[in-house]
Amino acid sequence: MRSKIRVATVVIVSAWIGILALYGLLKPISNGCIMTYMYPTYVPISTNGGVSSAKYGLYLYHEGWKKIDFNQHLKQLNGVPILFIPGNGGSYKQVRSLAAECDRAYQGGPLEQAFYQEASLTPEEGGKYMDMAGFQLPNHYSRKLDWFTVDLEGEHSAMDGRILEEHTEYVVYAIHRILDQYEESRAAREKEGAAAYGSMPKSVILVGHSMGGFVARAALIHPRLRKAAVETVLTLSTPHQSPPVALQPSLGHYFSQVNEEWRKGYEVQTTQTGHYVSDPLLSRVVVVSISGGYNDYQYVTEVISNSALLQPELADFLSCCCISE
């Protein structure tokens with residue numbers, strides 16, 4: 001009888017532990033985000049002879065429920081170009097939340113100063129005290145953000161290094177095509193007699209989600225990328241240090257190749273005798289890596305961080321840029 005009681009006790013305790021563990025995994029977590037509403041239109045950008053792959057596509061996002069003339073809309077292109085790169089199996093339409101909110105911010109102007117005070121970390125939470133008295137906000141934003149997005153056919157880039165290379169090739173093409181489109185838009189306005197306004201963009205901001213963030217970094221060190229065509233990269237839940245699942249040798253090889261080029265990109269250029277030649281090639285590039293926080297079960301912050309790939313003094317800086325959502 002005693003042995004049966006012991007077995008029953010062990011079964012009951014094990015069942016309770018299993019139930020508690022399951023509840024800890026499945027219990028609802030409050031979402032800090034607010035539902036966004038959007039009225040998306042995707043304006044196709046024509047391709048030229050330099051396209052790396054005919055199966056991919058490039059689009060400009062437009063927010064609004066009214067129908068627009070695509071050609072006339074492109075002629076008015078005059079904002080700050082941003083290119084969204086989807087991740088493994090992702091859709092180009094995932095840009096809509098970011099683009100719609102940016103459009104609302106441009107139309108409505110900056111938020112109240114109290115918002116920035118509330119959003120910042122307190123000293124107890126590891127942040128620094130922000131004196132908002134001397135923090136001046138403009139009445140409105142001078143230029144809007146033009147969100148572009150690449151259609152990569154929803155391919156599973158996390159499974160094959162060859163697919164990653166193809167995505168990188170097309171993203172490099174897309175960056176050049178975006179910059180050329182601004183020149184074409186200005187030329188079209190001038191041809192119609194419109195006065196030239198605004199400055200021409202010289203670089204494109206890259207925003208990559210998941211594997212799209214790694215594609216952004218791979219594009220930045222691509223040999224055919226124009227000089228200074230990209231100076232800012234924002235990655236969202238991107239595994240920088242290693243592939244999530246290295247099913248094929250080509251995937252691990254491509255990660256190693258790109259990360260090695262990035263390490264070299266942060267080395268000071270010197271002659272064989274050790275004399276200074278120039279600053280590191282990537283010294284002007286700003287990289288911000290944002291993790292998914294406690295809701296992200298795939299990529300932990302250590303994998304998202306880019307700091308382990310760099311030299312110690314740069315690692316300290318970039319580790320501060322790895323933000324949990």
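Which helix gives the most to the lining of the second largest pocket? Some notes on that, from a predicted model.

1. The overall picture first. The chain has 9 helices and 10 strands, and 36% of its 325 residues are buried. Looking at contacts with a separation of 6 or more, 76% join residues that sit 24 or more positions apart.

2. Now to the opening question: the helix is α7, residues 249-265, which puts 3 residues into the lining of the second largest pocket. That pocket holds about 600 Å³ of space.

3. In total, 22 residues line the second largest pocket. If you want to find its centre on screen, go to Lys 227, Ala 228, Leu 281, Leu 282 and Val 285, which lie nearest to it. The lining is a mix: 11 nonpolar residues, 7 charged and 4 polar.

4. Back to α7 and its length. With 17 residues at 1.5 Å a residue, α7 should span 24 Å, and the end C-alpha atoms are indeed 24 Å apart, so the two agree.

5. Which residues of α7 are buried? They are Leu 251, Tyr 254, Phe 255, Val 258, Asn 259, Trp 262 and Gly 265. These residues cover an arc of only 120° around the axis, so they fall on the same side of α7.

6. As for what that buried side meets, the buried residues of α7 pack against two helices, α5 (161-191) and α6 (211-220), and against the strand β9 (286-291). Turn to the face pointing away from the buried side and you'll find Pro 249 and His 253, both exposed.

How values were computed: Residues are numbered from 1 along each chain as its sequence is written. This is a predicted model: local features need pLDDT of at least 70, side-chain atom pairs count only at pLDDT 80 or more; totals for chains, interfaces and linings use all residues. Side-chain values use heavy atoms; hydrogens and water are left out. On a 1 Å grid over the protein atoms alone, a cavity is a set of points where a 1.4 Å probe fits but cannot get out, and a pocket is an open set with protein on both sides within 12 Å along at least five of seven lines; lining residues have an atom within 4 Å of a point. Grid points are joined across faces, edges and corners, and a volume is the space filled by probe spheres set on the points. Helices (H or I, at least four residues) and strands (E, at least two) are DSSP runs, numbered from the N terminus. Ala, Val, Leu, Ile, Met, Phe, Trp, Tyr, Cys and Pro count as nonpolar, Asp, Glu, Lys and Arg as charged, and the others, Gly among them, as polar. The expected span of a helix is 1.5 Å times one less than its number of residues. Buried means under 20% relative accessible area, exposed over 50%, partly exposed in between (1.4 Å probe, protein chains only). The arc is that of the directions from the helix axis to the C-beta atoms. Contact means heavy atoms within 4.5 Å.
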